[in-house]
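Please find below a colleague's note on the model under review. It is arranged as numbered points for reading beside the coordinates.

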Amino acid sequence: MFLRYIHIIWKYFWRTVLFLLVFILIIGGGLFGLLQLNTSQNYIANQMEEEFNTRFYGELNIGDLNGLMPFRFTFSNISLMAPSAVQSQAGIARRDTVISIDTLNTQIDLWSLLQNKLSITDFQVQNPSVQLLTEGGGSYSRTNALRSRSLRPEQARAAEPGTMDSADRDYRSGTLRRRWFAVCRGVSGYE
């Protein structure tokens, strides 16, 4: 009699475990398939653009996002535009493209992602273009495009327009290293 109860409990235990495994596989496969849809990939690209545009003064545009989503990403027609509009000859305000990339391929390690770590195993950039444009205050537009909108007070002093510009201009006199580390110390707390 006692063995019969053990047998029944054992049978229900394995049925429950198998049911849960099948359920997890179906849900996981459905989510994986959902990530491969163009609509999902466009949504992810739009969210990345919005997040960048709210955190930084520049404007990021991602043309297309493809790939096997949790593992491999392929970004096409990426452009980063300067924060200030420049008047064109026709009187229409336009933004200067500071950085443009035709294709950017990345591959991440899924095991480290499951451990709450981001590990990029492959990173390829095809046909990058960087323009160094000076603005009215003597600073470069790439510096202003990557300047954060919400800075802590110690970061705001280090990231003022012209801080990196003065370091960029003085690289021949040997002061680049000292000023660059001063900027890093203000931003990241390096000693």
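The points below go from the overall fold to individual residues.

1. Overall architecture. The model is predicted, and the comments that follow should be read accordingly. The protein contains seven helices and four strands. Along the sequence these elements are arranged as α-α-β-β-β-α-β-α-α-α-α. Among contacts between residues at least 6 apart in sequence, 47% link residues at least 24 apart.

2. Burial and surface. The protein has 191 residues, and 23% of them count as buried. The exposed area comes to about 13600 Å², with carbon and sulfur atoms supplying 60% of that area.

3. Nonpolar patch. Phe-19, Leu-20, Phe-23, Ile-24, Ile-27, Leu-31, Leu-34 and Leu-37 together make a nonpolar surface patch of about 800 Å². Leu-37 lies in the loop between helix H1 (2–35) and helix H2 (38–55). With a relative accessible area of 44%, Leu-37 is partly exposed. That value meets the patch requirement of over 30% relative accessible area.

4. Salt bridge. The whole structure yields one salt bridge. It joins the side chains of Glu-51 and Arg-55, with a distance of 2.6 Å from N to O. Both residues belong to helix H2, and because they are four residues apart, about one helical turn separates them. Glu-51 is partly exposed, its relative accessible area being 40%. As general background, side chains of opposite charge can pair when their charged atoms come close.

5. Largest pocket. The largest pocket holds about 430 Å³ of space. Its lining consists of 18 residues; Met-48, Phe-75, Leu-104, Thr-106 and Phe-123 are those nearest the centre. Two or more lining residues come from each of H2, strand E1 (59–66), strand E2 (72–87), strand E3 (93–108) and E4. Strand E3 makes the greatest contribution, with five residues.

6. Thr-103. Is Thr-103, a residue of strand E3, buried or exposed? Thr-103 counts as buried because its relative accessibility is 18%, and the cut-off for burial is under 20%. Apart from neighbours within four places in sequence, Thr-103 is in contact with Thr-74, Phe-75, Gln-124, Val-125 and Gln-126. Phe-75 is also among the residues nearest the centre of the largest pocket.

7. Asp-102. Asp-102 is also located in strand E3, but is partly exposed, with a relative accessible area of 37%. Which residues does Asp-102 touch, not counting those up to four places away in sequence? They are Phe-75, Ser-76, Asn-77, Gln-126 and Asn-127. For Ser-76, the C-alpha atom lies 5.5 Å from that of Asp-102, although the two residues are 26 apart in sequence. Phe-75 and Gln-126 appear in the contact lists of both Asp-102 and Thr-103.

8. Ser-129. Ser-129 sits in strand E4 (residues 120–130). Its relative accessibility is 30%, so Ser-129 counts as partly exposed. Once neighbours within four places in sequence are set aside, Ser-129 is in contact with Val-98, Ile-99 and Ser-100. Ser-79 is 50 residues away from Ser-129 along the chain, and their C-alpha atoms are separated by 9.3 Å.

Note on methods. Residues are numbered from 1 along each chain as its sequence is written. This is a predicted model: local features need pLDDT of at least 70, side-chain atom pairs count only at pLDDT 80 or more; totals for chains, interfaces and linings use all residues. Side-chain values use heavy atoms; hydrogens and water are left out. Buried means under 20% relative accessible area, exposed over 50%, partly exposed in between (1.4 Å probe, protein chains only). Contact means heavy atoms within 4.5 Å. Accessible areas come from the Shrake-Rupley method with a 1.4 Å probe; for residues, only the protein chains shown count as cover. Patches are made of residues with over 30% relative accessible area and no salt bridge: like charges are joined within 9 Å, nonpolar side chains (Val, Leu, Ile, Met, Phe, Trp, Tyr) within 5 Å. A salt bridge is a side-chain nitrogen of Lys or Arg within 4 Å of a carboxyl oxygen of Asp or Glu. On a 1 Å grid over the protein atoms alone, a cavity is a set of points where a 1.4 Å probe fits but cannot get out, and a pocket is an open set with protein on both sides within 12 Å along at least five of seven lines; lining residues have an atom within 4 Å of a point. Grid points are joined across faces, edges and corners, and a volume is the space filled by probe spheres set on the points.
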